[in-house]
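Q: Before the details are discussed, could the teacher explain how features of a protein model are to be read?

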Amino acid sequence: MLSVKDLTKSVQVEDKTLVLLQPLNLTIAAGESIAIVGPSGSGKTTLLSILAGLDLPSSGQVYLKNQPLHQFNEEQRSQVRAQHVGFIFQQFLLINSLTALENVMLPAELANMPDAQARGEALLTQVGLADRIQHYPSQLSGGEQQRVAIARAFIAKPDVLFADEPTGNLDSKTGQYIIDLIFDLNVKEGTTLVLVTHDAKLAARCQRQVEMDSGALTEPMAEATLANTEENQPDSQTTTHHDLKSKTSVSQVG
Ligand SMILES: Nc1ncnc2c1ncn2[C@@H]1O[C@H](COP(=O)(O)OP(=O)(O)OP(=O)(O)O)[C@@H](O)[C@H]1O
Ligand SMILES: [Mg+2]
């Protein structure tokens, strides 16, 4: 589903080069759930943005469903995102000029789903916002905005869901409910989950945990997996482009 090879990210700040991500390798299988943990400033959000096709690496390769995101321009990446990716990012919350419902419907409309409105209303009800669907983001609390973003991330039944501290703004009861929703998606739809979290309980629910520290990635449980990435070229994966298309349209029906 996702494969990263020798990925780095550096930024130029005045006359200095700041290394945000050290060369890192990671392979995530379809249907897997993985937690990225680590201290503040270690590069988790930076990595997630690149994996989700929101940002580009400085060097190295990122394949999402065999598509080389590192070679794609913004428009090509936005197409990949519309077809395959859901994301819950604190910095990319909602569009202020759209109502809650319109925000949620947007990915479904981009994916040409016929029942966007009905699904949007159902999802907003599921996250407890049935009586807020016509509200604009400025009329919603931080936690409510986050729940709208979660409904939006789910609507197009993405192949991969990226979430950056998805329960960060929520009280523990709502947070637990949202976590259950996210893992339901993983089990019922086979959605691959990539979660950044400081919440040990949430991390423990994922099949795998990796840790970022100063821009470097360590995977305590699976050194062997990292070593194997050399031979694990994305091209060798069996899913063909044709399979992807048929899978996409099937997943859009329900
Ligand atoms: N555009 C940028 N220019 C300069 N420095 C940046 C930029 N983006 C991120 N950084 C720096 O890169 C480092 C990693 O940032 P990142 O947001 O990935 O951390 P994080 O692990 O998500 O932290 P947190 O847990 O606090 O959200 C930080 O030190 C941050 O200040
Ligand atoms: Mg972050």
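A: A residue is buried if 20 or more other C-beta atoms lie within 10 Å of its own. The model considered here is predicted.

Q: Is Thr99 buried or exposed, and why?
A: Thr99 counts as buried because it has 20 C-beta neighbours inside 10 Å. In the protein chain of 254 residues, 41% count as buried.

Q: Where does Thr99 lie, and with which residues is Thr99 in contact beyond its neighbours within four places in sequence?
A: Thr99 is located in the loop between β6 (85-88) and α3 (100-110). Its contacts, leaving aside neighbours within four places in sequence, are Ile133, Gln134, His135 and Tyr136. Tyr136 is 37 residues away from Thr99 in sequence, and their C-alpha atoms are 4.4 Å apart. For the protein chain, 68% of contacts between residues at least 6 apart in sequence join residues at least 24 apart.

Q: How is the sheet of 6 strands ordered?
A: The protein chain has 9 helices and 10 strands. An open sheet is formed by 6 strands, in the order β6-β7-β8-β3-β9-β10, with mixed pairing. Its edge strands, β6 and β10 (216-218), each pair on one side only. On average, neighbouring strands of this sheet are turned by 20° against each other, direction ignored.

Q: In which sense do β3 and β8 pair?
A: Strands β3 (residues 33-37) and β8 (residues 192-196) pair in the parallel sense, over 4 bridges. Within this pairing, Leu195 in β8 is the bridge partner of Ala35.

Q: Which strands do the helices α1 and α6 meet?
A: Helix α1 packs on the sheet and touches β3, β7 (160-164), β8 and β9 (208-213). The direction of α1 makes about 155° with that of β8. Helix α6 (residues 172-189) lies across β3, β7 and β8, and runs at about 160° to β7.

Q: Which residues have the most contacts inside the largest nonpolar core?
A: They are Ile36 and Phe162, in a core of 62 residues. Helix α5 (residues 142-155) contributes the largest share of this core, 7 residues. Not counting residues up to four places away in sequence, Ile36 touches residues including Lys44, Leu47, Val194 and Met212.

Q: What surrounds ligand 1?
A: The residues around ligand 1 include Val11, Leu20, Gly38, Lys44 and Thr45. By class, the shell has 4 nonpolar, 7 polar and 1 charged residues. At least two shell residues come from each of β1 (2-13), β2 (16-28) and α1 (44-51); the largest share, 3 residues, is that of α1.

How values were computed:
Residues numbered from 1 in each chain as written. Chains lettered and ligands numbered in written order. Predicted model: local features only at pLDDT ≥ 70, side-chain atom pairs only at ≥ 80, totals over all residues. Buried ≥ 20, exposed ≤ 12 C-beta atoms within 10 Å, placed from the backbone. Contact = placed C-beta atoms within 7 Å. Near = placed C-beta within 6 Å. Nonpolar A, V, L, I, M, F, W, Y, C, P; charged D, E, K, R; others polar. Core = buried A, V, L, I, M, F, W, Y, C linked by C-beta atoms within 7 Å. Pairing = 2+ DSSP bridges. Axes fitted to C-alpha atoms, helices over the stretch in contact; angles between N-to-C directions.
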